[in-house]
Amino acid sequence: MPSIQINDVSKAYGKKRLFQEVSVEFSEGKRYGLTGPNGAGKSTFLKIVSGDIEADSGHVHKPERTGVLKQDQFGFEKMIVLSVVLMGNQRLWAAMQEKEELLAKETLTDKQGELLGELEGVIAEEDGYSAESDAAELLAGLGIPESEHEKQMRELPGGFKLRVLLAQALFGHPDALLLDEPTNNLDIDSIRWLEKFLCNYRGVLVTISHDRHFLNEICTHIADIDYETIITYTGGYDEMIIAKGQVRGKIEQDNQERQKKVAQLQDFVARFAAGTRATQVQSRKKQIERLQLTDLKRSNIERPFIQFLVKKPSGKQTVTIENLTKIWPDVTVCENFSTIVTKGEKIAIIGKSGMGKTTLCKLLADGLKPDSGSITWGHQVSVGYLAQDHRESIPNGTTVSAWLHSFDPLATQQDIRGLLGKMLFKGEEGMKPTDALSGGEAVRMIFSKLMLAKDNVLVLDEPTNHLDLESIIALGDALTKYEGTAFVVTHDRDLVASFANRILAFTSKGLIDWRGTYDDFLEKHGEDSKR
């Protein structure tokens with residue numbers, strides 16, 4: 001029975017120990033979500049399992065047919081898209097390549113003829129004669145149209161390249177799947193297709209995802225990296241959070257009760273140690289030794305404190321859009337679109353990739369001009385913007401603290417340190433060079449800037465990219481409590497459901513302006529609008 005076995009695996013970088021002597025088995029037919037905060041070692045652990053990096057100690061056993069989601073989107077630039085997917089089944093791909101080489105020869109020896117027959121047998125065993133149609137079906141499910149299948153990879157946009165690599169990992173009926181952030185760059189429609197595919201998958205799956213809804217939908221188990229080890233819980237992410245809290249809560253309660261008992265016993269020993277109750281004193285000392293407290297290592301899970309305040313409220317009519325038309329570059333983003341947004345509305349902008357969500361954000365916040373029509377901001381409106389390519393807005397050659405201080409020179413160093421501490425930049429991390437920021441740190445930096453600016457309108461384009469689950473939950477709480485107006489592009493369904501009271505949806509029927517919750521929107525517009 002195919003399974004993945006990890007025995008006594010340890011890994012550290014310098015003084016930072018990620019996990020110590022971890023032993024865990026991932027069983028066939030079960031789907032595991034690998035969770036833990038940024039920096040806990042999730043991707044490192046998955047790379048150890050896949051064989052991309054070595055552990056400091058211990059060993060891993062996995063099935064020979066293991067599909068791995070590669071992260072090198074530029075590693076296949078000159079190859080045809082369909083061929084990249086077929087490479088997911090290495091045995092089939094090797095046989096097909098060798099067969100082509102033999103058929104290109106003018107004549108074949110008897111030995112080569114026998115080899116050709118053997119290769120035909122391998123191709124038949126690996127379903128090679130339906131391979132291209134199977135690969136095309138995977139690509140279509142992940143939102144890559146048939147017109148792209150025969151192109152070279154270098155002709156595809158970056159988001160599509162990553163989808164091709166995901167199709168490659170899924171192809172060929174692997175016995176095990178290792179997927180690091182498979183929903184990145186997928187729209188809601190493609191995520192729903194992937195969920196269905198994985199729920200029907202019969203091998204062993206281990207996946208990392210910061211999409212809470214995705215984990216709840218597909219996972220039979222959660223493998224949580226915390227306390228320098230991996231603890232496996234039954235159920236989805238939400239069930240793990242409850243179970244984890246209950247386990248730790250019970251240990252803490254037991255420790256408190258033991259501490260009380262130990263204190264009582266120590267008091268008895270102190271009062272009667274020199275008296276006539278020597279036997280009873282020795283008995284109490286033995287009881288104290290037996291009542292050792294359970295060792296509670298500190299959890300490495302931390303949730304940032306995100307709070308978007310408003311310095312000055314805007315007028316009631318925040319923005320008026322009249323007859324807005326924009327085609328960019330060859331996609332009709334909107335045509336003669338008109339609406340009014342009032343103070344305090346929380347608008348989720350949703351839709352399939354490439355339909356114009358980012359362009360709409362740029363029209364609202366980044367100075368992009370419409371082809372016709374107008375966008376008119378109301379009284380005292382101040383707009384804070386997080387772009388999808390937000391890393392470009394943070395200059396290199398400075399520090400986290402200095403960059404943040406540049407937006408409010410009157411703020412004290414203590415104010416800046418306090419704000420950075422809320423966003424998990426502790427102590428000397430405030431002096432970290434901006435050149436060295438991770439993706440998640442860059443997003444938290446821009447949140448810090450927005451918290452400092454206290455704008456009354458926020459335009460956030462894919463703010464959950466690079467955030468861990470704890471940060472996404474904190475963002476949802478912050479948007480819910482925000483007293484200003486928010487426009488948020490996201491594919492995170494739980495986030496949309498948590499804060500939005502209005503939906504702008506890019507659909508095949510055009511841009512839909514829905515005044516109400518996400519659940520109400522889905523109920524009204526049905527399956528075709530879940531995009």
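Biologist: In this predicted model, what makes the unit of S15, helix H15 (residues 469-481) and S16 a right-handed one?

Modeller: S15, H15 and S16 form a β-α-β unit that is right-handed, because a crossover earns that name when, with the strands pointing away from the viewer, the path from the first strand over the helix to the second runs clockwise.

Biologist: How do you know that S15 pairs with strand S16 (residues 485-489)?

Modeller: Pairing requires at least two bridges, and S15 and S16, which run parallel, are joined by five bridges, so the two strands count as paired; Asp 461, for instance, has Val 489 of S16 as its bridge partner. Strand S14 (residues 383-386) also pairs with S15 in the parallel sense, over four bridges, and there Tyr 385 stands opposite Val 459.

Biologist: Why is strand S15 (residues 457-461) called largely enclosed?

Modeller: Buried means under 20% relative accessible area, and five of the five residues of S15 are buried, so the strand is largely enclosed by the rest of the structure. Val 457, Val 459 and Asp 461 point one way from S15, Leu 458 and Leu 460 point the other way, and all are buried.

Biologist: In the open sheet with the order S2-S1-S4, what makes strand S2 (16-27) and strand S4 (57-61) edge strands?

Modeller: The sheet has three strands with antiparallel pairing, and S2 and S4 are its edge strands because each pairs on one side only, pairing being counted from at least two bridges. Strand S1 (residues 3-13) pairs with S4 over four bridges in the antiparallel sense, with Asn 7 opposite His 59.

Definitions and conventions
Residues are numbered from 1 along each chain as its sequence is written. This is a predicted model: local features need pLDDT of at least 70, side-chain atom pairs count only at pLDDT 80 or more; totals for chains, interfaces and linings use all residues. Side-chain values use heavy atoms; hydrogens and water are left out. Buried means under 20% relative accessible area, exposed over 50%, partly exposed in between (1.4 Å probe, protein chains only).
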